[in-house]
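Me: I would like to work through the salt bridges and the empty spaces of a protein model, one question at a time. Could you reason each answer out for me?

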Amino acid sequence: MSEPHSIPSFDLKRNYARVEEEIKDAVLRVMSSTHFILGPEVSEFEREAAAYLEACRAVSCASGTDALILGLMAVGIKPGDEVITTPFSFFATASCITRLGAKPVFADVEPDSYNISMEGAHAAITPRTRAFIPVHLFGQMCRLEDISDTLKENDIALVEDCAQAFGAHRQVGSRMARAGTLGEFGCFSFFPTKNLGAYGDAGMVACSSDSIAERLLRLRVHGASSTYLHEEVGINSRLDAIQASVLRVRLRHIETWTEERREIARRYDMLFAESGLQDVITVPVEIAGNRHTYHQYVVKAKNRDELQKYLAAQGITTRVYYPLPLHLQPCFSYLGYKRGDFPVSEKLCDEVLALPIFPELTADEQERVAGGIAKFYGR
Ligand SMILES: *Cc1c(COP(=O)(O)O)cnc(C)c1O
């Protein structure tokens, strides 16, 4: 009897096979140009990405983490400032705040969308609040329309963490709100496994005006306005041309791949609905008006750890995003938070399980994943 093949949580090789020739052409073009850092390839990518996102401008940088740091630097965040964000996210969402000497102030998430609660964020505002970093977690946008007026009234900068939400949007009234364009800065990561991934580290800040873009262009090259003239102290965070050339190829396919992810999500929804697992598996909710890009398909599962082990034994890889909320990370203990402060986030950390999802995942593989889960619960 032959063993069924294993199912990874993502598979970049299958994706590469679809674009191999285009990528090789693009990378070789850069190699022969010998223009490796910034330059025309990078500017073209920034233009194309800004057009896709419907952002005024886009300024690329070396990673999503740097995009957040650059955004906060451009806001002018300094020691003593407070920045409100979610405790249920990747580490960089909070570390960018402490890197600038400011204080992260957390507000709990909503149990349905896993996104930061706008009511909670409201309640966390103090006279020291200078910025708000909502995370469009797993590819679905936050309900930012519920807080945008308050932010403006209180002069609080909106820095969206869009690392997982390239191409997500949300219908607000008659308007289509696109992730990364609602506030001053939209920070993107092109880490290889993100929906739009480079073949190395890469990031970008979408911004709302030319003057903000000019400031970011300086900050990413040591604060230099021209060669060896420094208006302020920035950082060294540039995109290299090879990554830009890869991103330009992959950007041309992102709509197709996003639709494929959405179709995969609908098939999972259907498989779980048919298997009658509603008492033990809660599927992710797409909030009305949202275009969820399904960077991850994250269920809440009873006996999560046991289920994960059971699936692993059958060659099915799943992941836990995130096992420990940010307010309980040892490096942030000085902030004085304790277990029980954000019960929704803490509970999610014990329950969430990200199932395999990538554009090339097959229907057969999805059936094996759902079948394995049903079997674990004895159905
Ligand atoms: C990936 C990610 C980041 C950081 O991006 P890098 O490119 O890895 O530095 C920040 N925030 C969130 C929510 C992420 O998922």
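Me: How do the residues that line the second largest pocket divide into nonpolar, polar and charged?
Reply: This is a predicted model, and the pocket in question holds about 220 Å³ of space. Its lining is made of 13 residues, of which Lys152, Ile156, Ala157, Leu158 and Glu184 lie nearest its centre. Sorted by class, the lining of the second largest pocket comes to 6 nonpolar, 3 polar and 4 charged residues.

Me: Which element gives the largest share of the lining of the second largest pocket?
Reply: The elements that contribute two or more residues to the lining of the second largest pocket are α6 (148–153) and β5 (157–161). The largest share is 3 residues, and the element that gives them is α6.

Me: Where does the largest pocket lie with respect to the domains?
Reply: The largest pocket holds about 670 Å³ of space, and among its 41 lining residues Ser189, Phe191, Thr193, Lys194 and His295 lie nearest its centre. By class, this lining has 20 nonpolar, 13 polar and 8 charged residues. Because domain 1 (12–251) and domain 2 (254–376) both give residues to the lining, the largest pocket lies between them.

Me: Where does the largest cavity lie with respect to the domains?
Reply: There are 2 cavities of 30 Å³ or more, and the largest of them holds about 50 Å³ of space. Its lining includes Asp112, Ser113 and Tyr114, as well as Pro284, Val285 and His292. Since residues of domain 1 (12–251) and of domain 2 (254–376) both take part in this lining, the largest cavity lies between the two domains.

Me: How many charged residues are in the lining of the second largest cavity?
Reply: The second largest cavity holds about 30 Å³ of space, and the residues that line it are Tyr52, Leu53, Gly167, Ala168, Arg178 and Ala179. By class, this lining has 4 nonpolar residues and 1 polar residue, and the number of charged residues is 1.

Me: How many residues apart in sequence are the parts that the pair Glu48 and Arg248 ties together?
Reply: The structure holds 29 salt bridges, and in one of them the side chains of Glu48 and Arg248 meet with N to O at 2.8 Å. Glu48 lies in helix α2 (residues 40–53), whereas Arg248 lies in helix α8 (residues 241–251), so the pair ties together parts whose separation in sequence is 200 residues.

Me: Is Arg248 buried or exposed?
Reply: Arg248 is linked with Arg29, Glu41 and Glu48 in a network of salt bridges. Its partner Glu48 has a relative accessible area of 27% and is partly exposed. The cut-off for the buried class is under 20%, and because Arg248 has a relative accessible area of 17%, Arg248 is buried.

Me: Which helix holds Arg218, a salt-bridge partner of Glu232?
Reply: Glu232 forms a salt bridge with Arg215, where the closest N and O atoms are 2.9 Å apart, and Glu232 also forms one with Arg218, where the closest N and O atoms are 3.6 Å apart. In the pair with Arg218, Glu232 sits in the loop between β11 and α8, while Arg218, 14 residues apart from it, belongs to helix α7.

Me: Which accessibility class does Glu232 fall into?
Reply: Its partner Arg215 counts as partly exposed at 25% relative accessibility, and its partner Arg218 counts as partly exposed at 24%. Partly exposed is the class between the cut-offs of 20% and 50%, and because the relative accessibility of Glu232 is 22%, Glu232 counts as partly exposed.

Methods: Residues numbered from 1 in each chain as written. Predicted model: local features only at pLDDT ≥ 70, side-chain atom pairs only at ≥ 80, totals over all residues. Heavy atoms only, no water. Salt bridge = Lys/Arg side-chain N within 4 Å of Asp/Glu carboxyl O. Helix = DSSP H or I, 4+ residues; strand = E, 2+ residues; numbered from the N terminus. Buried < 20%, exposed > 50% of the residue type's maximum accessible area, 1.4 Å probe, protein only. 1 Å grid on protein atoms, 1.4 Å probe; cavity = no way out; pocket = protein on both sides within 12 Å on 5 of 7 lines; lining within 4 Å. Points joined across faces, edges and corners; volume = space filled by probe spheres on them. Domains from an automatic or database assignment. Nonpolar A, V, L, I, M, F, W, Y, C, P; charged D, E, K, R; others polar.
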